[in-house]
Amino acid sequence: MDTQPLIDFLLQFGDLNKHQTDLIKASVTERTYKAGDYFMEAGQVAREIAFTLDGIFRVCYYDNNGNEVTRYFLEEGTFMADMESYNCQLPGTSYVQSVTDSKVLILSKAVMDNLSQTIIIWDNIIHKITTKGMAQKVQRLSSMFPQDATERYISFLEKFPNLANRVPLQYIASYLGITKHSLSRIRKNIR
């Protein structure tokens, strides 16, 4: 199990010594998902946090009309969890689905609690990661609102060049708030 990407990511947010990194490495478990599998479903209480080693996940929900809406994508080198569900132990409202075959490292709630009690700066590291993730999510969404569909797609290609060829068109269209047919037309027009 390759835990080094996780350790490298954590070290961006705080200094950890070898004993601490060894403890983290020994505490995580690896899990794989096939494309279409769910890491979490609406109605479940989040009891794990995952770090994506390989693959892409999407966070989605169903609107009042029963349409599936993709909120955002999570690629390699990112954490994923429904933080409200995890922190408050309430049922989540979103689905987290693997878009590609994926591999993640899992930190259970018990592991997170143990790391919090054992590593003095653990909570501070997690706070910094959470704050950065929330800021990125807000920035991603707010930058899309004043744009038309073509501008949103071009912006998506600029911000997420690795996703365009790895994510099915219907998920990208849903993320952009347009139909798959409209996205096909936009893609044809900008080539």
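This text walks through two sheets and the helices around them. The model is a predicted one.

Start with the sheet that holds strand β4. This open sheet has four strands, in the order β2-β7-β4-β5. Their pairing is antiparallel. β2 (38-40) and β5 stand at the edges, and each has a single partner strand, so one side of each has no neighbour in the sheet. From one strand to the next, the twist averages 30 degrees. Helix α7 (residues 169-176) packs on this sheet. It touches β4, β5 and β7, and its direction makes about 100 degrees with that of β5.

Now look at β4 itself. Strand β4 covers residues 57-62, and strand β5 covers residues 68-74. Six bridges join these two antiparallel strands. Tyrosine 61 has valine 69 in β5 as its bridge partner. Tyrosine 62 has glutamate 68 in β5 as its bridge partner. The two strands form a hairpin, with five residues between them. In the turn, glycine 66 has a positive phi of about 85 degrees.

β4 also pairs with strand β7 (residues 95-98). These two strands run antiparallel and are joined by four bridges. Here cysteine 60 stands opposite tyrosine 95 in β7. Strands of a sheet pair through backbone hydrogen bonds, either parallel or antiparallel.

Next comes another open sheet of four strands. Its order is β1-β8-β3-β6, again with antiparallel pairing. The edge strands are β1 (29-33) and β6 (79-80), and each of them pairs on one side only. Inside this sheet, strand β3 (residues 48-54) pairs with strand β8 (residues 102-108) over six bridges. That pairing is antiparallel. Glutamate 48 stands opposite serine 108 in β8.

Two helices lie across strands of this sheet. Helix α1 lies across β3, β6 and β8, and it runs at about 110 degrees to β3. Helix α4 (residues 109-118) lies across β3 and β8, at about 60 degrees to β8.

Take α1 first. This helix spans residues 4-11, and Leu6, Ile7, Phe9 and Leu10 are buried in it. Why do they fall on the same side of α1? They cover an arc of only 160 degrees around the axis, which puts them on the same side of the helix.

Helix α2 (residues 18-27) can be read in a like manner. Its buried residues include Gln20, Thr21, Ile24 and Ser27. These residues cover an arc of only 125 degrees around the axis, so they lie on the same side of α2. What does the face turned away from that buried side carry? Three exposed residues are found there: Lys18, His19 and Ala26. At the start of α2, a side-chain oxygen of asparagine 17 reaches to within 3.1 Å of the backbone nitrogen of histidine 19.

End with one residue of this helix, serine 27. Is serine 27 buried or exposed? Its relative accessible area is 16%, and under 20% counts as buried, so serine 27 is buried. A polar atom of its side chain lies 2.6 Å from the backbone oxygen of leucine 23. Leaving aside residues up to four places away in sequence, serine 27 touches Ile106, Val111 and Leu115. Ile106 falls within strand β8 (residues 102-108). Val111 and Leu115 fall within helix α4 (residues 109-118).

Terms used: Residues numbered from 1 in each chain as written. Predicted model: local features only at pLDDT ≥ 70, side-chain atom pairs only at ≥ 80, totals over all residues. Heavy atoms only, no water. Buried < 20%, exposed > 50% of the residue type's maximum accessible area, 1.4 Å probe, protein only. Arc of directions from axis to C-beta. Polar contact = N/O pair within 3.5 Å; in protein donor to acceptor, adjacent residues only side chain to side chain. Pairing = 2+ DSSP bridges. Axes fitted to C-alpha atoms, helices over the stretch in contact; angles between N-to-C directions. Contact = heavy atoms within 4.5 Å.
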